[in-house]
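Student: I would like to understand how the descriptive terms applied to a structure are justified.
Tutor: Let us take them up in turn.

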Amino acid sequence: MRDKGLEELVRQELGDQPGLSEKPMFGGLAFLVNGNLLCGAREDGMLVRLGKGNDGWALELPGVVQMVMGERRMHGWVRAGAKTYGDDALRRSLIEAALSYALSLPPK
């Protein structure tokens, strides 16, 4: 299920980022930059793509867990709960790190 409030928070953080697009995915709304997945907003939290080996710092934050799809742990992806993404500084840090990673990838 989609979380319209979280979607708006993410939009505000990303502002007028060049190459930004939105696409319904994973039962929520995904945000992409230059065609690369950056983050997602769902009722159960904010999905953030940090890249393999770049997620250790985020996993130390309260309310942040490694993304799991089915039984598979998704290294480089984290899910932030409402208390975490509701904190402006934490949300901003996660989104900025995801944006940095996505911009390091070749455009799709």
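The following exchange concerns salt bridges and accessibility.

Tutor: This is a predicted model, in which local features need pLDDT of at least 70, side-chain atom pairs count only at pLDDT 80 or more, and totals for chains, interfaces and linings use all residues. Residues are numbered from 1 along each chain as its sequence is written, and side-chain values use heavy atoms, with hydrogens and water left out.

Student: Why is the pairing of E22 and R11 called a salt bridge?
Tutor: A salt bridge requires a side-chain nitrogen of Lys or Arg within 4 Å of a carboxyl oxygen of Asp or Glu. The N to O distance between R11 and E22 is 2.8 Å, so the pair qualifies. This pair links distant parts of the chain, with E22 in strand β1 (residues 20-25) and R11 in helix α1 (residues 4-14); helices (H or I, at least four residues) and strands (E, at least two) are DSSP runs, numbered from the N terminus.

Student: What makes R91 buried?
Tutor: Buried means under 20% relative accessible area, exposed over 50%, and partly exposed in between (1.4 Å probe, protein chains only). R91 has a relative accessibility of 3%, and therefore counts as buried. Its salt-bridge partner D88 has a value of 43%, so D88 is partly exposed.

Student: How do you know that R79 and D44 meet in a salt bridge?
Tutor: Their N to O distance is 3.3 Å, so the criterion is met. R79 is buried at 14%, whereas D44 is partly exposed at 42%.
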